[in-house]
Amino acid sequence: MCTSVIYTVGDAYFGRNLDLEVSFGQQVVIMPRDFALHFRKLPTIAHHYAITGMALVQDNYPLYFDGANEKGLGMAGLNFDGPAHYFPEQTDKQNVTPFEFVPYVLGQCATVAEAKKLLKNVSLININFSDKLALSPLHWLIADKSGASIVVESTTAGLNVYDNPVGVLTNNPEFPQQLQNLANYQSVSPANPENTLAVNLSLPVYSRGLGSHFLPGGMDSESRFVKVAFTKENAPVGKTEDENVINYFHILHSVEQQKGLDEVAPNTFEYTIYSDGMDLTTGTFYYTTYTNNQINAVKMPKDHLDQDQLMTFDLQDKPTINYQN
Ligand SMILES: C[C@H](CCC(=O)NCCS(=O)(=O)O)[C@H]1CC[C@H]2[C@@H]3CC[C@@H]4C[C@H](O)CC[C@]4(C)[C@H]3C[C@H](O)[C@]12C
């Protein structure tokens, strides 16, 4: 399970929680503009937008889980096991493998509108990276610095591209059903509730926060969708970058999975391995990890992007406790 958001407060922040029971050995990876992007079924792209994101580098190829480009377009792949379907090669389409999809879009598009245009001709093809890295059933949130966002889901019906009015994504079910389910929670509120149950009864507002009494809190994807939408929509707007980065991480951490709560196999638990987010205006990429709640940052090196070698940064995973005496 995973959660991805776009939080727009002047600058926009885009990223995700990665929830899983094992770590893949991912790093922060900057792909500069002249890193040759090879595709299985399409011609090489020699020059493209630079990308920063979380990726597993295999044979000098960055398998991006999520990332954003220098123009302020972001994209994250989230688990979509069940509905996800990839196709055999189609002659009238641009056949892109799921593992190429993030660099394919972020390398060429500056906005959601441009991505939508590009996607009209795309089919996701059922080719894996290697026998060891099988095809993953994913769907994607794509968002830009204006705050616009879309969801891309490849199912037996084809490549569905949905406008996303909420700017969040989790996992199953398909996106239209997630939106429908959100409608069930429209009376949830940061304000105190009004008694409409039985107006003749005097019901005490016995606690602060009673307006969010029915906010779901489960680890499952429907609960996280509702909870993160509520948290994000009501998040304050900060005056500084620091304030907004902190607000942003509080949004993602509101749906963090703590170890011990989501048992995916006997005595094996899924948890939030990392949370990340890019300021889509400045290109600075921030992240926290399960063991290191300190916010770490990797800047987009704007003067060094015209080159062809990947730049990698190991995750700072050590706990940082400030001992004060
Ligand atoms: C597992 C993760 C989603 C987290 C999640 O939702 N976990 C729920 C598990 S559970 O369903 O609840 O049990 C997803 C998110 C992004 C994915 C990588 C994307 C690039 C590449 C694509 C290739 O095709 C296959 C290998 C590859 C490295 C992918 C591995 C894996 O698939 C990643 C990490």
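Which residue is the bridge partner of Ala76 in strand 9? It's Leu141, and that pairing is a handy way into this predicted model. From there, we can look at strand 6 and its partners, then move on to an open sheet of 6 strands and two helices that go with it.

**Strand 6 and its partners**
- Strand 6 covers residues 73-79, and 6 of its 7 residues are buried, so the rest of the structure largely encloses it.
- Strand 9 (residues 138-144) runs antiparallel to strand 6, and 7 bridges pair the two.
- Strand 5 (residues 61-69) is also antiparallel to strand 6, joined to it by 3 bridges.
- One of the residue pairs here is Gly67 with Met75, the latter sitting in strand 6.
- Strands 5 and 6 form a hairpin with 3 residues between the strands, and Gly72 in that hairpin has a positive phi near 95°.

**The open sheet**
- Follow the 6 strands across this sheet and you get the order 12-1-2-15-16-17, with antiparallel pairing.
- Strand 12 (168-169) and strand 17 (296-298) are the edges: each has a single partner strand, so one side of each has no neighbour in the sheet.
- Further in, strand 2 (residues 11-20) pairs with strand 15 (residues 271-279) in the antiparallel sense through 8 bridges.
- Tyr13 stands opposite Asp279 of strand 15.

**Helices on the sheet**
- Helix 4 (residues 221-233) packs on the sheet, where it touches strand 1 (2-9) and strand 12. The direction of helix 4 makes about 15° with that of strand 1.
- Helix 5 (residues 241-253) lies across strands 1, 2, 15 and 16 (285-289), and runs at about 150° to strand 1.

Note on methods:
Residues are numbered from 1 along each chain as its sequence is written. This is a predicted model: local features need pLDDT of at least 70, side-chain atom pairs count only at pLDDT 80 or more; totals for chains, interfaces and linings use all residues. A residue is buried if 20 or more other C-beta atoms lie within 10 Å of its own, exposed if 12 or fewer, and partly exposed in between; C-beta atoms are placed from the backbone. Helices (H or I, at least four residues) and strands (E, at least two) are DSSP runs, numbered from the N terminus. Two strands pair if DSSP finds at least two bridges between them. Two residues are in contact if their C-beta atoms, placed from the backbone, lie within 7 Å. Axes are lines fitted to C-alpha atoms, for helices over the stretch in contact, and angles run from 0 to 180 degrees between N-to-C directions.
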